[in-house]
Amino acid sequence: MRMIRILAFALVTANLLAQTAEDSSKIAEPSASSRLLGTWRLVSAGNISKDGKFEPFAEYGPHPIGYLMYDVTGHMCVSLANPNHPRWANPEKPTDAEKLVSYRVMYAYCGTYEVREKENRVMHRPEMASWPHYVGTDQSRPYRFEGNRLILSDHETAPDGQPSAYQITWERVEKK
């Protein structure tokens, strides 16, 4: 009788261990929606030439700064800037030319977002933007994750009508 109890206990224990191992293997990777949440620091932003070479956006320079933020309420903000643009000679009264340079080297918009995981796209819906024609539009951003980096890239038509490819790379900001 004692041997039967030991054997039954061993079988039940083995079954529980097998179920636990099976259940732990079913733990899914976090959803893209949850992986997007938080603050991302700009690493690079530019076009990909036809020969595959990365060319930084001229207006932001080779070492741009910026942030991309997604929150749990479905809101987002993004900014990109050239850290080396000239300061205004008189901060109290910038000239029109100085304002124009500042406008050219800094871009931002904020609004809501929607993640379309099956398409690997996040839709940005700006409610305010440096470029007024963005307000009220859907800005589709194909995404992929590489470690702690978020890469937004796509093909689009440039203002001159030429097709172009862009890539903007962000790195997750970790709490210090």
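**Contacts, core and Met69 in a predicted model**

In this predicted model, 47% of the contacts in the protein chain between residues at least 6 apart in sequence join residues at least 24 apart.

Me: How many helices and strands are there in the protein chain?
Reply: Read along the sequence, the pattern is α-α-β-β-β-β-α-β-β-β-β-β. The protein chain thus holds 3 helices and 9 strands.

Me: Which strand gives the largest share of the largest nonpolar core?
Reply: The largest nonpolar core has 26 residues, and Leu68, Tyr70, Leu80, Tyr143, Leu150 and Trp170 touch the most other members. The largest share of this core, 4 residues, comes from strand 5 (residues 106-116).

Me: Which residues does Leu150 touch, not counting those up to four places away in sequence?
Reply: Leu150 is one of the core residues that touch the most other members. With residues up to four places away in sequence left out, Leu150 touches Leu36, Trp40, Leu68, Tyr70, Tyr143, Arg144, Phe145, Ile168, Thr169 and Trp170.

Me: Does Met69 count as buried, partly exposed or exposed, and why?
Reply: Met69 is found in strand 3 (residues 65-70). Buried requires under 20% relative accessible area and exposed over 50%. Because its relative accessibility is 39%, Met69 counts as partly exposed.

Me: What is the C-alpha to C-alpha distance between Met69 and Ser79?
Reply: Not counting residues up to four places away in sequence, Met69 touches Gly38, Thr39, His75, Met76 and Cys77. Ser79 is 10 residues from Met69 in sequence, and their C-alpha to C-alpha distance is 9.3 Å.

Conventions: Residues are numbered from 1 along each chain as its sequence is written. This is a predicted model: local features need pLDDT of at least 70, side-chain atom pairs count only at pLDDT 80 or more; totals for chains, interfaces and linings use all residues. Side-chain values use heavy atoms; hydrogens and water are left out. Helices (H or I, at least four residues) and strands (E, at least two) are DSSP runs, numbered from the N terminus. Buried means under 20% relative accessible area, exposed over 50%, partly exposed in between (1.4 Å probe, protein chains only). Contact means heavy atoms within 4.5 Å. A nonpolar core is a set of buried Ala, Val, Leu, Ile, Met, Phe, Trp, Tyr and Cys residues joined through side-chain atoms within 4.5 Å.
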